[in-house]
Amino acid sequence: MKSTPAEMSIGELAERFGLAPHVLRHWESVGLLRPDRRSNGRRCYGPDHVARVALIQRGKEAGLRLEQIRALFDASGGPDRRALLAGHLEGIDARIARLRVARHIVEHTMSCPAPDFLACPRLRELLDGLVASGAPTSCASSLPAGADTVVGTCGAAGPSAPL
C-alpha cells in the first residue's frame, strides 16, 4: 500500500532524492534523521524529513561531514548554528583559493607553447613556487593580489601565456 502524500516510506523518500534506502538508515544511525514510526514499526517520513534530507545533501555538497551536519542540527539555535558555519566558510574560501590556483595551472598547460608542458620552465617555476609557499594550504599566495593571470616565459621562444 502506498503512503499518503504527507507521509512516505523509506523507499519513497530515498527515491525522491535519488538515494539508496541504506543511506537514510545510515543517516538515522548517526543521528541526522529521526523518522516517525507507523503502528507496524515501519519508518514514516513527512515534509520535515524531506526538508532535512535536502539540508543534509546541501551540507554535504558544501563539504560538511556528517558529524558537522549533526552538530548544526543539534545546536541550540540560530546564533550557535551561524557560529559553526562561520568556521566552515573559512574552509570553503581556502578551498576556492586552492581551486583557483589549480585552474590557472591547468589553463597555463593548455595554452603553453612549449613542445611538452612538462618541460615548460614557467610551469616548473609556478610549481616550485607552490611548494615553497607551503601548498596546498597557502598556494593562493603564489598569485599576485587581484590578478586573474600570471604572465611568464614559456618554452624556448618565451611568449607570455596566462596561467
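The turns below go through a predicted model and the reasons behind some of the terms applied to it.

User: What does the secondary structure of the protein come to, and in what order do the elements run?

Analyst: There are six helices and four strands in the protein. Starting at the N terminus, the order is α-α-β-β-α-α-α-α-β-β.

User: Why is α1 called oblique to α3?

Analyst: Helix α1 covers residues 10-17 and helix α3 covers residues 47-61; their axes cross at roughly 45° and come within 11 Å. An angle under 35 degrees would count as roughly parallel, and 65 to 115 as roughly perpendicular. The crossing at roughly 45° fits neither range, so α1 is oblique to α3. The crossing of α1 past α3 is right-handed.

User: Which residues make the contact of α1 with α3, and how do they divide?

Analyst: Helix α1 contributes Leu13, Arg16 and Phe17, while α3 contributes His49, Val50, Val53, Ala54 and Gln57. By type, five are nonpolar, two are polar and one is charged.

User: What makes α3 and α4 oblique to each other?

Analyst: The axes of α3 and α4 cross at roughly 130° and come within 10 Å. Roughly perpendicular covers 65 to 115 degrees, and roughly antiparallel needs an angle over 145. The value of roughly 130° meets neither condition, and α3 and α4 are therefore oblique to each other. This crossing of α3 past α4 is right-handed. On the α3 side the contact is made by Arg52, Leu55, Ile56, Gly59 and Lys60, and on the α4 side by Leu66, Ile69 and Phe73. Five of these residues are nonpolar, one is polar and two are charged.

User: Which residues have the most contacts inside the largest nonpolar core, and which helices supply it?

Analyst: The largest nonpolar core has 18 residues, and Leu13, Leu24, Trp27 and Ile56 have the most contacts inside it. At least two residues of this core come from each of α1, α2 (21-29), α3 and α4 (66-74). A second core, separate from this one, has seven residues, including Val101, Cys120, Leu123 and Leu130.

User: What does Leu13 touch?

Analyst: Leaving aside residues up to four places away in sequence, Leu13 touches Met8, Leu24, Tyr45, His49, Val50 and Val53.

User: How do you know whether Thr109 is buried or exposed?

Analyst: Thr109 lies in helix α5, residues 78-111. Buried means under 20% relative accessible area. The value for Thr109 is 17%, so Thr109 is buried. Beyond residues up to four places away in sequence, Thr109 touches Phe117 and Leu123.

User: Why does Val106 count as partly exposed?

Analyst: Val106 is also placed in helix α5. Its relative accessibility is 47%. Buried would need a value under 20%, and exposed a value over 50%. Val106 falls in between, so Val106 counts as partly exposed.

User: How many residues separate Val106 and Leu123 in sequence, and what is the distance in space?

Analyst: In sequence, Val106 and Leu123 are 17 residues apart; C-alpha to C-alpha, the distance is 9.8 Å.

User: What share of the 163 residues in the protein is buried?

Analyst: Buried residues make up 31% of the 163 residues.

User: What share of the contacts with a separation of 6 or more joins residues 24 or more positions apart?

Analyst: Among contacts in the protein with a separation of 6 or more, 50% are between residues 24 or more positions apart.

Technical notes: Residues numbered from 1 in each chain as written. Predicted model: local features only at pLDDT ≥ 70, side-chain atom pairs only at ≥ 80, totals over all residues. Heavy atoms only, no water. Axes fitted to C-alpha atoms, helices over the stretch in contact; angles between N-to-C directions. Left-handed = near helix turned anticlockwise from the far one by under 90°. Contact = heavy atoms within 4.5 Å. Nonpolar A, V, L, I, M, F, W, Y, C, P; charged D, E, K, R; others polar. Core = buried A, V, L, I, M, F, W, Y, C linked by side-chain atoms within 4.5 Å. Buried < 20%, exposed > 50% of the residue type's maximum accessible area, 1.4 Å probe, protein only.
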